[in-house]
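Take a first look at the protein below. Turn it slowly, and keep the sequence at hand.

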Amino acid sequence: MATANPSLFIFHYSLKYILSALCAVAIAVLSLFPVKELHLEDMTLSDKWAHFIMYGGFMATILFDRMYRQRNFRMPIPILLFPIAYGGLMELLQAYCTNGNRSGDWLDFAANSIGAFLVYTTALIIKSNYHKP
């Protein structure tokens with residue numbers, strides 16, 4: 001039994017779910033771009049709304065890609081966990097890999113998670129009401 005190449009696996013799913021992959025790249029660029037060039041130093045809690053909307057949109061994009069690609073559309077829990085884990089990764093990268101230009105924040109991670117969770121649960125409710133036997 002041959003082992004699968006992880007980069008081919010990622011490439012395959014990136015092409016299969018191209019909108020989600022593009023959204024993930026856009027989030028990475030926005031998350032890791034230096035704050036001084038964005039002029040966001042004066043923002044307090046208003047940036048939490050941006051995190052909420054960004055990761056809610058990311059979840060919606062993932063669900064749309066999945067719905068478009070699958071005839072029997074299912075929504076397992078890992079679909080919800082991916083944007084939450086990705087948000088955590090972005091916060092860790094901000095904290096430890098941006099040379100002090102960005103900082104990781106637990107409240108940002110919470111806003112990311114809440115945005116993804118609300119879109120996921122809304123989609124579950126819509127799906128359960130739409131696909132009644």
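The paragraphs below go from the whole chain to its core, its surface and its charged pairs.

This is a predicted model, in which local features need pLDDT of at least 70 and side-chain atom pairs count only at pLDDT 80 or more, while totals for chains, interfaces and linings use all residues. Residues are numbered from 1 along each chain as its sequence is written, and side-chain values use heavy atoms, with hydrogens and water left out.

Start with the whole chain. It has six helices and zero strands. Helices (H or I, at least four residues) and strands (E, at least two) are DSSP runs, numbered from the N terminus. Read from that end, the elements run α-α-α-α-α-α. Buried residues make up 32% of the 133 residues. Here buried means under 20% relative accessible area, exposed means over 50%, and partly exposed lies in between (1.4 Å probe, protein chains only). Now look at contacts, that is, heavy atoms within 4.5 Å. Among contacts with a separation of 6 or more, 77% are between residues 24 or more positions apart.

Next, go inside. The largest nonpolar core holds 19 residues. A nonpolar core is a set of buried Ala, Val, Leu, Ile, Met, Phe, Trp, Tyr and Cys residues joined through side-chain atoms within 4.5 Å. Which residues touch the most other members? They are I27, F58, M59, L63 and Y86. Four helices each supply at least two residues of this core: α2, α4 (46-69), α5 (77-96) and α6 (106-130). Find Y86. Not counting residues up to four places away in sequence, Y86 touches A24, V25, I27, A28, Y55 and F58.

Y86 is one of the buried residues of α5. Others in that helix include I79, L80, P83, I84 and M90. The buried residues of α5 pack against α2, α4 and α6. Now check the helix's length. The expected span is 1.5 Å times one less than the number of residues. For the 20 residues of α5 that gives 28 Å, and the end C-alpha atoms are 29 Å apart, which agrees.

Helix α6 passes the same kind of check. Its 25 residues should span 36 Å, and its end C-alpha atoms are 36 Å apart. In α6, the buried residues are D108, A111, N112, S113, G115, A116, Y120 and A123. Their cover includes α4 and α5.

Now compare two residues of helix α2. S20 has its place in this helix, which covers residues 18-32. L22 is in α2 as well. Is S20 buried or exposed? S20 is buried, because its relative accessible area is 8%. Leaving aside neighbours within four places in sequence, S20 is in contact with F58, T61, I62 and D65. L22 counts as exposed, because its relative accessibility is 51%.

L22 also belongs to a nonpolar patch on the surface. The other members are F11, L15, I18, L19, F64, M67 and Y68, and the patch has about 840 Å² of accessible area together. Patches are made of residues with over 30% relative accessible area and no salt bridge; like charges are joined within 9 Å, nonpolar side chains (Val, Leu, Ile, Met, Phe, Trp, Tyr) within 5 Å. The elements that give two or more residues to this patch are α1 (6-16), α2 and α4. The whole chain has about 9200 Å² of accessible surface, and 70% of that belongs to carbon and sulfur atoms. These areas come from the Shrake-Rupley method with a 1.4 Å probe; for residues, only the protein chains shown count as cover.

Last, turn to charge. Side chains of opposite charge can pair when their charged atoms come close. A salt bridge is a side-chain nitrogen of Lys or Arg within 4 Å of a carboxyl oxygen of Asp or Glu. How many salt bridges does the structure hold? It holds three.

K48 pairs with D47, the closest N and O atoms being 3.2 Å apart. D105 and K48 also meet in a salt bridge, at 2.9 Å from N to O. That pair links distant parts of the chain: D105 is in the loop between α5 and α6, K48 is in helix α4, and they are 57 residues apart. K48 forms a salt bridge with D108 too, at 2.6 Å between the closest N and O atoms. K48 lies in α4 and D108 in α6, so this pair ties together parts that are 60 residues apart in sequence. Through shared partners, D47, K48, D105 and D108 join into one network.

How covered are these residues? K48 is buried, because its relative accessible area is 14%. D47 is buried, and so is D108. D105 is partly exposed, because its relative accessible area is 27%.
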